[in-house]
Structure formats: C-alpha cells, structure tokens
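Here is a short report on a two-chain model with ligands. The text starts with a term, then turns to strands, interface, ligand shells and backbone details.

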Amino acid sequence: MDIQRGNIIVMDRRRGKLRAGQGLLQGLKVVWDHWIGSFRKNENFSQIHGTFTIEYPDERMKLPQAYRNMPVLIYDDETGHELCTACYQCARACPPEVIHITQAKDPNTGKMVPASLEFIIEYDACMSCGLCAEACPFDAIKMDHFFELATDDRMGLLQRKADLNRPISYYTTIAPDLWDEVKEGAMKKLQGSIKRRPGVIGIAGHLSDKIAARRRELEAEAAAAPPAPADAAPAAPAGKLSPEEKAAKLAAMRAAKAGGAAPAAEAPAPAPELSPADAKAAKLAAIKAANAAKKAAEASAAEAPAAPVDEKAAKLAAIRAANAAKAAAAEAPAAPVDEKAAKLAAIRAANAAKAAAAEAPAAPVDEKAAKLAAIRAANAAKKKSE
Amino acid sequence: MLKTEELQINIGPQHPSTHGVFRMIVTVDGETITDLKPVFGYLHRNHEQIAEVNTYLQNMPYTDRLDYFNSMANNHAYALAVEKLVGIEVPERAEYLRVLMVELTRILNHAGALGFLINDMGAWQTQLAFGMREREKILDLFESASGARLMCNYFRFGGVARDLPPDFMPRLKDLLIAMPAFVDEMERLLRENEILLQRSENIGILPKEVAISYSVTGPMLRASGVPYDIRKAEPYSIYDRFDFDVPIGAVGDVYDRILVRIEEMRQSKRIIEQIIQQLPDAQGGHINPKARQNVRPPAGDVYARVETPKGELGFYLVSDGSLKPYRYKVRAPSFINLTPLGDMCRGYKVADVVVILGSIDIVMGEVDR
Ligand code: SF4
Ligand code: SF4
C-alpha cells in the first residue's frame, strides 16, 4: 500500500542487540542524568534537563497577556465612566448563561440609558471561555488574570457590578498590547455613550478618590439644579428630606398644577429604584406618588370644564385615580417594617398613579389643550433643569 | 487437575488506574481473565443535548471538555464540521496555525499517554514526570496563544481566535530543539527495558481484523498493522502539503502501541518543522474577516472528521436552518477504541488489564460525554 508524501514504516521491535539487563541500565542512566541535571536551573524550552520548578506562591509565573480567567468590567480612570452600555451581547454569547444585566433608566424620561444598572456574573458557573469578551463591541468586559478565587462561600462568587469593576489602568498592567489594539475605538465609543448618560449613571460606584469626588460634584450639580423631576429621591437618607427630594416634590406639584398629567406620573417613577434598605424613604416616595397622582387628577379635573361635554367622565377618572392612589398610599404605611412590602407598595402606588395619569388625559375632549399644557410643562421643567 | 471456580470482580469505577470513573466487570479464573465487560456512563454530562440548546459558537468551548487532553484537536473537528455546513473559507495562515496547534497537541498527548501507561505498569512517576515536563512547555505555548492551557477554545469558524503572540515562534523553535532529545531519551528509557518488555510484549494483542470490525482508529489501529490515518486517507485542512510517515505495528500488542506513539511524535515534529518553513509565505490573516461567528447554516447535515491523537473524531451536525444545531453527535475515538477491551484482555492476567487499558489511551470525558 502506498500513501501520498510519506511512507508506511513498520516499527522495528528489536533494534539494539543488548544483553540481558543492559536495557535496564540504559534506562537508569537516563534517570541518573536527570538527577545530575536537577542541580541547575532549566533556562529555556530547548533544554530537557534542569529544574524548572517555580516556587509558587513565593514566585509567580509571568502570565501571557492573552491569559483568561474570569471576566471583569472595566471603567475609565479619568471620568469614572464604565465602558459597558448594557447592550446584552455578552449575555447572549455566554454559553452557560451566567451573565445577568439590568439596563439603567433615565429617571427624567424613563428612557433606557446606555449604561448598566446592575451587572451580575456567576463566577461559580463561568467556564472562562472568553466568548463574552470577544462578543463585546465596546471592549467593556475583559478577561482578568486573577486566579486565586478559592473560597468557602459559594454565594460570594456571585459577582456584582461593584465587585467586577476594574479601572483601565489595571487592565493595561495585565494586557498592555491587547488594550492598545482596541483602545482608540473603545474610547471613542465611550465618549459617545457618556453623552447619553445623565447624572451619575454609568459611573463606577466606588474606588478612586478622584471618581468619588467627581460623583459628588455631579450629585451636587443635580441637587442645585432646580425642579427637574429627575433626581427625585434616589435613596434618600431616612427621616429628613434631601434637597433632591424637595426638588422632586416641587416639580411634581408644579407639573401637576400645570395640568400635565404626564409628568406627574413620572415623578414617582424613580421609586422602584430605592435601595431596599430605606424602608422609610420608600414610604415617603409612596406617599409622594399618591399625592402627585391626586394633584394630577385634580388638575385634569380642573381643566375638564374647558370641555364641558365630557365633564363627568373626566371627573370620574380623576376620582378613580385619586382613590387608587389613596389605596396605594394607605397600603404603604401599613408595612413599614417589611422593606420588601414597602418597596412593593411604592411600586404599586407609582403604577396606580401612572394608570390614573393615563386615564385622565383621555377624558377631556379638549385633548389638544391638555397636550399643549403637558408639553409646556415639560418644556418649563427642562428649561429649569438646564 | 485442580478444579477452580470462576469469580466475578469489579475494577472501578473508583480506581486510580481506570483513568477516570470507569468500571470493568471482570470474571477471573484464578489470575486469568475469562471475561471482561466494560461499563461506562459514570461521567455522562449530557454533552450532546446541551449542544442542541446552544448556538453553534457556544459549543466550541464545550468541545474542549470532550477530550480535555486535546482540546485543540476537538476544536478543529468541530470547526471543520460547521465550516463545511455553512461554507466558510479559511485563510491559509489560519490553516497553518490550526495544523500547528493540532500537531503540538499530538505530541503532548502521546507524551502524557505514554507516561500514564508506564505509570500503570508500576514505574510510578518517572517517565510521567519527564513527559509532563515537555507537555507543560507545549501548554505554555497554548496559553500564550489561546489564553488557556487545557480549555483552549482557540478555533473559530473561519480561522482561529487570535494570531500568535510575538514570543511564540522563538519558544516554539526552542521546543523543537528539545523535542528529539526528549523522544530519544524516552526511547532509551523504555524501548529495551526488560521489565517493560515483559509487561508489554505480546500482551493485549488486537488482531487486524478484530480492530477493523470494531472500527478502532488512531494509534491503536495502526499498531495492529493497518496503515490508516485520516490525514493521509482523506487529507483535510492542509495535510496534503506535508511530508510525513505513517508508523504501523507488526503484532498489535501493547509494545507496538508504545512504539507507534513514539514514532508519531517524531512525525508530528516533522510536520511542525515544515509549518515553520511555510508559514511566513502563507496568505491571509488568522481568521477570515467575512466569517460571521453567529452562524445560521442552511438546513442540511454534515459529517466532518479529523485524526486526533486518539483516533477519528467526527462531528455529525444536522441543521434545521436555525441558530442552534438540531442534532449534534460526536463520534468519539476513546469510546470506540475502548469497546474491544474485553476481547483484548481475555486470556491475560488481572495485572495486564490495567496495562492494556492504559495502552488504549482513553479520556473518560470523551468516552461518556
Ligand atoms: S467567560 Fe464565558 S462563561 Fe464566563 S461569563 Fe464570559 S462568556 Fe460566560
Ligand atoms: S459588557 Fe459589553 S457586551 Fe456586555 S452588555 Fe456591556 S457593552 Fe454589551
């Protein structure tokens, strides 16, 4: 039988003509050579003798740049902005489906913002395949080199955004060349997403002083800026009303007065974002939502006479909305101990208010006028926030 | 004549020399084996069904976990199957990188397999330690190219994940200097060793016809004297560009399997040398830029196979035109090579079972899937 470009060779079973025992001695010589060699160090790949032990953990091997262990999220050192835009590509690419993302919302408009609110990776089930890092179009998720993850706490391996964030300066220490390849595009994309992120959204929540300072600055700015139903009560300290809360209340009132039922519905929107720890704040938000809803309903009812035909329907809607809001509000304080219940009540109140708002504008025949008023109110709010 | 009684004993599933969780129901008459039934399935992890709920690319890291010694070769077979199904071109350079990785895999697999075989014979860790050291060097190379030592996940549809890092080639050339020295040394240690000869010569003979009827492949089949190597019989990738020989055995015993594997390491080194020569002229990048990773193949089916260090690894994929394979079947060499174990062991002693099993070179991750 013939084969292309090569021969078939039958292995020769007895090559050497050795006397009994010589084969053993020959083998022992090999072992002996290795023993002698073990007194010096093996320098490179071309040598087969010598020790090549690395005394871990005192000594460590230099890991190649491409080495991948677990995925981390990276953020910009300068601005503190995370590169991730919550596009879900990584979550879709992940074979064991261990990436869970929640996208951030603009509290102003309720629209999605290119940033993640929460980003969870189950490290315990991650198979370190690196497909997430390859799929990410924003170079926001990268494979870390840190491998000493052993723990007796399995839930500790559920890594949240705060645990996953690493600065670019860290990534450049482990993989400078890989970062250089993508740097330009990544930073350009980051600038684009920063423009679409209001307030502190998308800024890494901790770490360097510089970023903390920048965060405070932005927060202060937001607080100083009047109305903007925007920063309404983001996790307010229990008890006292924070400036933001006050502003939110004001905005809600004003919006309600202006007749725009729509902004009223938005004011309580941030309620669900409350940190669960702040039960009191949640209660507050719930009450506020109820109030806002009431006001909105009243306002639309007040406007209704402009269109006397549908007066009754408008009134009815207003009353219904008010009732719903009241019920929600009544429920909220009933469970002040239970954080979850408080949050739920807040969400429910917000929903009720929203529903009321949705219902209210349907009533007046004079739709145009109502719409106009709403737009005007929104504009006014915007102007003030600017 | 003394009348003896047959006895049935279990070897495994938890046994240090069964190379994983593998059980053999052995019927012995004194020390002699009269029957042996392999029982597998202890490491079953639903690989094929999982693959059917994954997208095509998501299966790539899972193929690493079939035969975890040779993740590169597994990747190659799977990538070939999907490329055939979708019709993706692979640039020349990518082909060279692929073959380079797969041949390095062959060396490291045989270095490890022979080490474990000698370990099974009772020489403990001597040859294993020497083999593992060479294997570590190759794994270092894999790590620098793919990012991982074992679960490389390096192949993509239309190429490989990334090009070689700058320090890869110098280190590979160093390694090629060490390789003949290592193989020669291994031969000196093993080839004429009287103990090894006694444990392996004329033990576990698998005749040609039996091997073929069991569809055994790889070094096992070649040791039985059949010059069948898919790289020659049905050249895939760019294997038709390299000169290399196919070693075969004369008897088909454990000793022949050792010799064939040693020679295959030499041949793989020859291929790698030719790759180093031809690589600089290769056209294209490490991956076809037009190849989409999130493939949606047309409805149809495909079978692609490669010669992994253990034998013929084939992937049979059925596509219904969606993002996920409708059916995904693995033809695993370890599994099929293991089936004639009973025939090979009959008539030999209990102590030979472990040696014969070691000479098949199985990885339970691939046997059970
Ligand atoms: S490395 Fe792989 S398994 Fe881990 S999170 Fe990324 S895609 Fe998922
Ligand atoms: S890490 Fe990347 S791929 Fe994942 S959601 Fe963020 S931007 Fe998208």
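Two strands count as paired if DSSP finds at least two bridges between them. The model discussed here is predicted.

**Strand pairing**

By that rule, strand 2 (residues 23-29) and strand 3 (residues 32-39) of chain B pair. Their sense is antiparallel, and seven bridges connect them. One bridge sets V26(B) against L36(B) in strand 3 of chain B. The two strands form a hairpin with two residues between them. There G30(B) adopts a positive phi near 70 degrees.

A second pairing crosses from one chain to the other. Strand 1 (residues 8-10) of chain A runs parallel to strand 6 of chain B, and three bridges join them. In this pairing I8(A) sits opposite V246(B). In a regular strand, side chains point alternately to the two faces of the sheet.

**The interface of chain B and chain A**

How many residues of chain B are in contact with chain A? The count is 66 residues of chain B, against 49 residues of chain A. Together the chains bury about 4800 Å². Carbon and sulfur atoms give 56% of that area.

The polar side of the interface can be listed too. Between the chains, 13 residue pairs are in polar contact, both residues being at pLDDT 80 or more. Several elements of chain B each supply at least two residues to the side that touches chain A. Among them are helix 2 (59-64), helix 5 (126-146), helix 6 (168-190) and helix 11 (254-278). Strand 6 (246-248) of chain B is also one of these elements. By class, this side of chain B holds 29 nonpolar, 11 polar and 26 charged residues.

How many salt bridges does the rule find across the interface? It finds one. The partners are R156(B) and E134(A), whose side chains meet at 2.7 Å, N to O.

**Ligand shells**

The table sets out the surroundings of the two ligands.

| Ligand | Residues around the ligand | Closest residues | Classes in the shell |
|---|---|---|---|
| Ligand 1 | 13 residues | C94(A), C126(A), C129(A), G130(A), C132(A) | 11 nonpolar, two polar, no charged |
| Ligand 2 | 14 residues | C84(A), C87(A), Y88(A), C90(A), C136(A) | 12 nonpolar, two polar, no charged |

The shell of ligand 1 has no charged residues. The shell of ligand 2 has no charged residues either.

Why does a cysteine add to the nonpolar count? Because Cys is placed in the nonpolar class, whereas Gly is placed in the polar class. C94(A) and G130(A) are among the closest residues to ligand 1.

**Backbone details**

Where does the cis peptide bond lie? It joins Y56(A) and P57(A), with omega about 5 degrees. P57(A) belongs to the loop between helix 1 (22-37) and strand 2 (71-75) of chain A.

Two residues of chain B that are not glycine also deserve a look. S237(B) has a positive phi of about 50 degrees. This serine lies in the loop between helix 10 (230-233) and strand 6 of chain B. R369(B) has a positive phi of about 55 degrees. This arginine lies in the segment after helix 15 (364-368) of chain B.

**One helix residue**

N119(B) is part of helix 4 (residues 92-123) of chain B. Beyond four places in sequence, N119(B) touches W124(B), Q125(B) and L128(B). E5(B) is 114 residues away from N119(B) in sequence, and the C-alpha atoms are 32 Å apart.

Definitions and conventions: Residues numbered from 1 in each chain as written. Chains lettered and ligands numbered in written order. Heavy atoms only, no water. Near = heavy atom within 4 Å. Contact = heavy atoms within 4.5 Å. Buried area = accessible area lost by both parts, 1.4 Å probe. Salt bridge = Lys/Arg side-chain N within 4 Å of Asp/Glu carboxyl O. Polar contact = N/O pair within 3.5 Å; in protein donor to acceptor, adjacent residues only side chain to side chain. Helix = DSSP H or I, 4+ residues; strand = E, 2+ residues; numbered from the N terminus.
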